[in-house]
Amino acid sequence: MNAQQRQRAIVAAVERDGRAAVTELARHHGVTVETIRRDLAALDRAGALRKVHGGAVPAPALATPETGVIEREASRSAAKDRIAARAVAALDLRPGATLLLDAGTTTGALARRLPEGLGLTVITDSVLIAAGLAARTDLTVRVLGGVVRGITQAAVGPEALSLLTLLRVDLAVLGTNGLTAEHGLSTPDPEEAAVKTAMVRAARRVLLLADATKIGQEHLVSFADTDDVDLLVTDAALPVPLANHLTDTGTEVLVA
């Protein structure tokens, strides 16, 4: 087996098993550990996999550019509605519960499905979610202060962060631009990531809503680890390595 064939076999093994160890690859291919390390370095540079300490893991999907909230409202709306409905059905919210709702189109779909008559308190960084819930008389809506990012309509900055440090809520409902085992939950903007991190820290329980296009994506800033998430609701079966990782971290996964 020449180097090209060996490297193709290495990529296939990593994609199949979710991870491969340098020592096992060297033993399997009958070459030195140094040879395998050179293979992995070359494959990492080519984007075929990611070289990590002791071995390699699959390469993350290329991060898609951040798009505006209006454009995202029209994208995969049926899937987002299914995710929202499945999540609300699973939550069994108690009367008087307090919720943090992250900005996003899937969290917005959940906001529209919040059950009536429970006297919920909803705190959000989303101008759009706040506006959509404002007419309801059976719940209280509070908006985090700060500068509003035009592309996501989310409030960010010191005002939002200072309030979040004082809060302790029953549930935080988050969206994400990307989800992988290695990089956790990620988003392109550092300021928005800081607000998301503060939401996670303020909540007794964390619900993540992520449609299939977010799985395998990695963006600039990781705002939470997978073990911060109590429940993930998505719309497609997860890759086996990620599913196994979430089992290890104690994250419940529901598929809408």
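The questions and answers below go through the domains, the sheet and one helix pair of a predicted model.

In this predicted model, local features need pLDDT of at least 70 and side-chain atom pairs count only at pLDDT 80 or more, while totals for chains, interfaces and linings use all residues. Residues are numbered from 1 along each chain as its sequence is written, and side-chain values use heavy atoms, with hydrogens and water left out.

Q: What separates the centres of domain 1 and domain 2?
A: The domain assignment, automatic or from a database, gives domain 1 as 3-58 and domain 2 as 69-255. Taken over C-alpha atoms, their centres are separated by 36 Å.

Q: Which strands are the edge strands of the open sheet?
A: Strands are DSSP runs of E with at least two residues, numbered from the N terminus, and two of them pair if DSSP finds at least two bridges between them. Seven strands with parallel pairing form the open sheet in the order S6-S5-S4-S9-S12-S14-S15. Pairing on one side only marks the edge strands, S6 (140-143) and S15 (252-255).

Q: Which residue in S5 is the bridge partner of leucine 101?
A: Strand S4 (residues 98-101) runs parallel to strand S5 (residues 121-124), and four bridges join them. In S5, the partner of leucine 101 is threonine 124.

Q: At what angle do the axes of helix H1 and helix H3 cross?
A: Helices are DSSP runs of H or I with at least four residues; their axes are lines fitted to C-alpha atoms over the stretch in contact, with angles from 0 to 180 degrees between N-to-C directions. The axes of H1 (residues 3-17) and H3 (residues 33-45) come within 10 Å and cross at roughly 75°.
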